[in-house]
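Here is my note on this structure, written as numbered points. Please keep the sequence and the 3D view open while you read.

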Amino acid sequence: MPINWFPGHMNSTRQAIKDRVKAGLDVVIELLDARLPGSSSNPLLAALTTGRPSLKVLNKQDLADPAQTEAWLAHYNAQPHTRAIPLDAGDKAPSRALIKACRELAPLRGDMHKPLRVMICGIPNVGKSTLINTLVGKRAAKTGDEPGITKLEQKFVLENGFYLFDTPGMLWPRIAIAESGYHLAASGAIGRNAFDEEEVALELIATLKRRYAPRLQERYGLTELGADDAVLEAIGVKRGAKIRGGAVQMHKAAEALLMDFRGGHLGRITLETPEEMAAWRQTAADAEALKAEQAQAARLADKERRSGRRQAASGDA
């Protein structure tokens, strides 16, 4: 699915992260969407902050499948120099656990002489501003339900010797994993003008049919689940998304399904497992390697053709 999602302010965010790392950084907090922990993890961020301890925060865990959240926590906690915790951004007590985890990741810092310097990052619309407001205890960062609310870096002193640097939500230049693109779009991380809602809704239906079919049937009163487009049409009928003549507005049906998913009205759902994400990454890596190999072969072939033409021209002379 083609998505154009790298506007100028995200390029600026990338430079701001580079500058912050250069100035000094002890822990990187990456806020993930617990419904799609792998897809919402930014590979560009990992490259920019190599060598820094990482705290993976699975936010919106109240919307995610509890069993799958445990699987993802185990996955991240098994990685070196990494901690993972679940969180509801608006819950004060779990939010304080974030500070504790950061101190454990950098135990030699955290006083007035050597303050703990923590940077918090996350894709757009993952709940970062809400979490910061909860940590600080006031509406210190703007919040909203559209990607890209925060534009400039902000600094907060959460406790004595604990500095938190906020950055705007940042995505990466190109989606290598098709499934991740659909999951990010379904979650609301990508602006609605960058993708086809009906296409995303159909992919979401396919996933829900595999894992949470009873939720679909219960939510929309469906006695059976047929083809994906038939399910979307049935959702449109249930939601009154019809036009004159009785035809269903599939775009409106898609909007209804995506809003239900984002609002948690389909129940606690996780779209991917660690094993699936690993397989998708491998498939994407293999495709990239093949593409590079084909490009190299094309360059060599072109070079040989040019050389042949030059030799032929030399012989004619």
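1. Terms first. Helices (H or I, at least four residues) and strands (E, at least two) are DSSP runs, numbered from the N terminus. With that in hand, Ser41 can be placed in the loop between strand 1 and helix 2 (43-48).

2. What you are looking at. This is a predicted model, in which local features need pLDDT of at least 70, side-chain atom pairs count only at pLDDT 80 or more, and totals for chains, interfaces and linings use all residues. Residues are numbered from 1 along each chain as its sequence is written, and side-chain values use heavy atoms, with hydrogens and water left out.

3. The whole chain. The protein chain holds 11 helices and six strands. Its C-alpha trace spans about 80 × 65 × 35 Å along the principal axes. Of its 317 residues, 45% count as buried. Buried means under 20% relative accessible area, exposed means over 50%, and partly exposed is in between (1.4 Å probe, protein chains only). Contact means heavy atoms within 4.5 Å. Among contacts in the chain with a separation of 6 or more, 70% come from residues 24 or more positions apart.

4. The sheet. Strands of a sheet pair through backbone hydrogen bonds, either parallel or antiparallel. Here, two strands pair if DSSP finds at least two bridges between them. Six strands form an open sheet with mixed pairing, in the order 3-2-1-4-6-5. Strand 3 (82-86) and strand 5 (154-159) stand at the edges with a single partner strand each, so one side of each has no neighbour in the sheet. On average, neighbouring strands of this sheet are turned by 25 degrees against each other, direction ignored. For angles in this note, axes are lines fitted to C-alpha atoms, for helices over the stretch in contact, and angles run from 0 to 180 degrees between N-to-C directions.

5. A helix on the sheet. Helix 5 (residues 128-136) packs on the sheet. It touches strand 1, strand 4 (116-122), strand 5 and strand 6 (162-166). The direction of helix 5 makes about 145 degrees with that of strand 4.

6. Strand 2 and its partner. Strand 1 (residues 27-33) and strand 2 (residues 54-59) pair in the parallel sense over six bridges. Leu55 in strand 2 is the bridge partner of Ile29. Lys56 in strand 2 is the bridge partner of Glu30. Is strand 2 mostly covered or mostly open? Mostly covered: six of its six residues are buried. Ser54, Lys56 and Leu58 are buried on one side, and Leu55, Val57 and Asn59 on the other.

7. Back to Ser41. Ser41 has a relative accessible area of 14%, so it is buried. Leaving out residues up to four places away in sequence, Ser41 touches Glu30, Leu32, Lys56, Tyr76 and Trp172. Glu30 and Lys56 also appeared above as bridge partners.

8. Two backbone angles to check. Most residues other than glycine have a negative phi. Lys60, not a glycine, has a positive phi of about 60 degrees. Lys60 sits in the loop between strand 2 and helix 3 (66-77). Asn125 also has a positive phi, near 65 degrees. Asn125 is in the loop between strand 4 and helix 5. Its relative accessibility is 24%, so Asn125 counts as partly exposed.

9. Helix 7 against helix 10. Two packed helices are described by the angle between their axes and the distance between the axes. Helix 7 (residues 197-211) and helix 10 (residues 250-262) pack at about 55 degrees, with axes 9 Å apart. Helix 7 and helix 10 are therefore oblique to each other. (Angles under 35 degrees count as roughly parallel, over 145 as roughly antiparallel, 65 to 115 as roughly perpendicular and the rest as oblique.)

10. Helix 7 against helix 9. The axes of helix 7 and helix 9 (residues 228-238) come within 9 Å and cross at roughly 105 degrees. Helix 7 is therefore roughly perpendicular to helix 9. The helix 7 side of the contact includes Leu202, Ile205 and Lys209, and the helix 9 side includes Val231 and Leu232.

11. A proline to find. Pro214 is in helix 8 (residues 213-220). Its relative accessibility is 58%, so Pro214 counts as exposed. The C-alpha atoms of Pro214 and Glu224 are 9.6 Å apart, with their positions 10 residues apart along the chain.
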